[in-house]
Structures are given as C-alpha cells and as structure tokens.
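Welcome! Let's learn to read a few features together, one turn at a time.

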Amino acid sequence: MRIVLLTNEYPPHIYGGAGVHVEYLTKELIKLESGGHNVQVVCFGDQDTRQENLTVRGIAAPAPIAVHDPQHSKFFDTMARNLEMAAIGNADIVHCHTWYSHFAGCLLKQLAGAKLVLTTHSLEPHRPWKAEQLGTAYHASSWIERTAYQNADAVVAVSPQMRTDVMALYGVEETCVHVIPNGIDPNEYRPTFNEDVLRSYGIDPAMPYVLFVGRVTRQKGIIHLVHALQYLLPGIQVVLAAGAPDTPEIEAEMAQKVAEARRLTHGPVVWISRMMPREHLVIAYSHAAVFVCPSVYEPFGIINLEAMACETAVVATDVGGIPTVVEHGKTGLLVPLADEGDTFARALADGINELMRDAARRTTFARAGRQRVVDCFSWGAIASRTLDLYRALL
C-alpha cells in the first residue's frame with residue numbers, strides 16, 4: 001500500500017498528543033510485514049527524510065498572505081501548506097491528523113482517488129476557546145473539519161466517547177467510526193531517576209512534588225490547576241512543565257495566576273515555561289509523587305499514559321477519553337468536572353491531597369498504572385489494527 005500520513009506535527013516539531021501519535025504510528029507501520037508498505041509523512045516544517053520505505057517531507061511556511069484581520073494569518077498559512085500537501089501525487093490511503101491537514105486530505109481523495117481516513121485527536125466544536133487564537137477563522141477551521149468528516153471513508157476515534165461525539169456532531173455513520181486508542185512505548189517511558197536533572201530545572205529532589213505537563217491552553221485546564229494550588233496541603237512542591245501558550249493573552253494570564261499562587265500556596269511552585277526534552281520529561285514523571293491532568297476537554301489523554309508508564313499515580317478530570325486510560329481507584333483518581341470555577345479547583349486539590357496523604361496507595365496505583373500501559377496500550381498492536389482498517393477500505 002502507498003500510505004500517506006498528513007499532519008501538522010512531526011519530529012522534531014511536536015507540541016501535543018497528535019504529534020506523538022503520528023510519530024509512533026509511523027515507526028510501527030514501517031515495521032509491519034517486513035516493511036512492505038510505502039509510508040510517506042507530509043507535515044508542517046523543514047523535515048526531509050528518505051529511507052527504504054519511509055519518506056518524510058516538511059512543508060515550509062509559505063510567503064505571507066496579506067490579511068485584513070491578523071488573527072486570520074494562521075488559517076491562511078495552514079490552507080497554503082495544505083495546497084502544497086495535496087500536490088504529492090499518488091496514494092492508496094490518506095490518513096489525516098487534526099483539522100490542520102483535513103483540506104489536503106479532502107483534495108487528495110478527489111485528485112488521487114485515495115481512501116480518506118481521519119483520526120479524532122480533538123473536535124473543533126468542543127474547543128470554543130480557539131476563537132481567542134483564530135478569531136472568526138475558527139468558524140472556517142470548524143467548516144473544514146466538518147466537511148472532512150462528512151467525506152471520510154473511515155474515522156478512527158481514540159476513545160469510545162470520541163466515537164459518540166463524531167457521530168453526534170457530524171452525522172458520521174456508525175459503521176464508519178472505529179475505536180483505536182492512542183498508545184505509548186513502555187520501553188521509552190519507564191521509571192528513570194536523575195536528581196541532577198531535577199535540580200537543573202529548579203526542582204528540589206528532597207521535597208515531594210505534584211507534576212503537570214502540557215501546553216498553556218484553555219483545553220488543558222492549567223489555569224484551574226493553578227487556582228487549586230492554594231488548597232494543597234503544606235509541604236507539597238508543585239512543578240508546572242507548561243509551555244507553548246496558545247496566545248500572548250493566555251500566557252500573560254498564566255503568569256499572573258502563577259504569581260498569585262506563589263503568594264497563597266504553602267509550598268514552592270516551579271514553572272518550567274519551555275518545552276522539556278522527552279528524556280527529561282521521563283525523569284520528571286518518574287520522580288513525581290502525583291501527576292495531575294486537569295483538562296476540561298480531552299479526547300484521550302496520552303499524557304496520562306506517559307505518567308502511568310513511569311509508575312506515577314494520577315489525578316485527572318473525568319472527561320472525554322480519560323476514563324479509558326485512568327481507572328478510578330486502581331491507577332489513580334478521577335475528579336468530576338461539575339463546573340470550571342472554585343468548585344472544580346477545590347475538587348482537584350482534594351484529589352491531590354488524598355493521594356499525598358497516603359504513600360502506600362500512591363505506590364499501589366503507580367504499579368497498577370504501569371502494568372495497565374504494558375497490557376493495553378502498546379504501539380505495535382495499535383499500528384496493526386490501523387493497518388487492518390486500511391486493508392478493509394481497499
């Protein structure tokens with residue numbers, strides 16, 4: 001098969017779960033059946049890799065388009081790259097990841113006669129805060145996404161909740177939506193310790209800490225977590241590995257909230273505002289007493305798999321696909337998203353405090369989490385199921 005993966009993110013330019021998914025799916029696809037399939041990745045960036053059965057081509061930023069509204073610049077940049085993506089030539093399968101590549105996928109379905117597959121890493125109607133970043137171009141990105149789903153030959157939902165959402169929002173037929181979860185490499189994400197790395201980021205290895213990892217965006221609930229810090233027990237260190245802000249405005253809001261939390265909380269708050277390399281993230285996960293995922297919208301929550309693989313107990317919001325990953329009372333605690341105000345902040349703090357009081361329970365959750373990752377979420381099995389879907393379409 002000639003398999004083409006279209007994506008915004010691909011190494012070394014990864015900032016979210018979609019990029020992680022494409023990276024590892026690609027690695028496993030080229031291994032299957034002795035690498036008999038030709039796999040091409042077309043992404044945003046300057047990548048240029050040519051191997052026996054893998055080609056990676058980055059699409060550079062086009063010449064700037066004069067726009068009436070500066071918030072529309074990113075949308076037009078995306079559309080211009082999509083036009084170049086659609087000129088790649090022949091394909092049997094075109095597999096798109098996020099709306100950033102959907103326009104190109106729709107064009108290739110027509111131009112190359114390829115089967116169009118979409119993976120639901122998120123859905124625009126559930127991310128209204130994107131209007132802060134895109135302005136009215138948010139309506140255009142939503143239209144692109146809806147059009148792609150209504151023209152797809154198959155949809156991969158990363159959780160049962162996402163399957164329900166795709167059918168409800170876009171009227172996709174039930175037989176077209178297939179649940180294949182995200183995954184993780186448990187050999188890469190495993191308990192790994194190095195106190196010198198922690199110190200290099202200003203983390204005190206002698207003090208137990210709660211860890212957040214993610215982008216500074218409304219979706220990840222980081223502002224709500226920062227609000228919750230004032231309710232934590234004394235003696236808890238908080239580490240926020242939070243970079244890549246959606247907008248300058250939310251970055252400024254984050255800075256203000258962190259400064260306020262440092263005045264109100266009982267322990268140190270370490271904010272790492274740059275994206276940490278993966279090898280350092282694994283160490284941060286491994287040393288953490290508790291990992292917290294306060295997302296207000298999360299189709300799957302691959303970040304929880306990363307923490308669990310490093311044997312860290314999890315406190316996460318009971319939304320979207322997170323319950324598919326985190327088993328309440330077995331690998332962590334799930335917190336209901338009753339609202340997004342002080343009630344939610346207190347609930348997050350209560351969950352964290354509950355585990356911080358009980359080291360034995362944290363250890364039990366941590367070991368069970370690692371085992372769940374190994375048993376249920378290997379990339380090899382996920383790639384095999386994806387390849388089976390490709391075959392069925394052809």
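**Reading helices and a buried side chain**

Q: What follows helix 3, and what is the sign of its phi?
A: This is a predicted model. In it, helix 3 is followed by Gly-113, with a positive phi near 70 degrees.

Q: Which residues of helix 3 are buried?
A: To read this, look for residues with under 20% relative accessible area. In helix 3 (residues 102-111), they are His-102, Ala-104, Gly-105, Cys-106 and Leu-108.

Q: And what covers the buried residues of helix 3?
A: The cover includes strand 1 (2-7), helix 2 (73-85), strand 5 (93-97), strand 6 and helix 5.

Q: At what angle do helix 3 and helix 5 pack?
A: A helix pair can be read from its angle, its axis distance and its handedness. Here the angle is about 35 degrees and the axes are 9 Å apart. The crossing of helix 3 past helix 5 is left-handed. On the helix 3 side, His-102, Phe-103, Cys-106 and Lys-109 make the contact, while helix 5 brings Ile-144, Glu-145, Ala-148, Tyr-149 and Asn-151. Sorted by character, the residues of this contact are five nonpolar, two polar and two charged.

Q: Why are the buried residues of helix 6 on the same side?
A: Start with the general idea: an α-helix has 3.6 residues a turn, so residues three or four places apart point the same way. Now the case at hand: the buried residues of helix 6 (residues 160-170) are Met-162, Asp-165, Val-166 and Tyr-170. They lie on the same side of helix 6 because they cover an arc of only 100 degrees around the axis.

Q: What do the buried residues of helix 6 pack against?
A: Their partners are strand 6 (115-120), helix 5 (137-151), strand 7 (154-157) and strand 8 (177-179). After helix 6 comes Gly-171, which has a positive phi near 65 degrees.

Q: Is Arg-127 buried or exposed?
A: Let's apply the cut-off again: buried means under 20% relative accessible area. Arg-127 has 8% relative accessibility, so Arg-127 counts as buried. You can find Arg-127 in the loop between strand 6 and helix 4 (131-134).

Q: Which side chains make a polar contact with the side chain of Arg-127?
A: For a charged side chain like this, look at its partners. The side chain of Glu-124 makes a polar contact with that of Arg-127 at 2.6 Å, and the Gln-219 side chain joins Arg-127 in a polar contact of 3.5 Å. Setting aside neighbours within four places in sequence, the residues in contact with Arg-127 are Trp-99, Ser-122, Tyr-138, Gln-219 and Tyr-297.

Notes
Residues are numbered from 1 along each chain as its sequence is written. This is a predicted model: local features need pLDDT of at least 70, side-chain atom pairs count only at pLDDT 80 or more; totals for chains, interfaces and linings use all residues. Side-chain values use heavy atoms; hydrogens and water are left out. Buried means under 20% relative accessible area, exposed over 50%, partly exposed in between (1.4 Å probe, protein chains only). Helices (H or I, at least four residues) and strands (E, at least two) are DSSP runs, numbered from the N terminus. The arc is that of the directions from the helix axis to the C-beta atoms. Contact means heavy atoms within 4.5 Å. A polar contact is a pair of N or O atoms within 3.5 Å; within protein, one must be able to donate a hydrogen and the other to accept it, and residues adjacent in sequence count only if both atoms are side-chain atoms. Axes are lines fitted to C-alpha atoms, for helices over the stretch in contact, and angles run from 0 to 180 degrees between N-to-C directions. A crossing is left-handed if the near helix is turned anticlockwise from the far one by less than a right angle, and right-handed if clockwise. Ala, Val, Leu, Ile, Met, Phe, Trp, Tyr, Cys and Pro count as nonpolar, Asp, Glu, Lys and Arg as charged, and the others, Gly among them, as polar.
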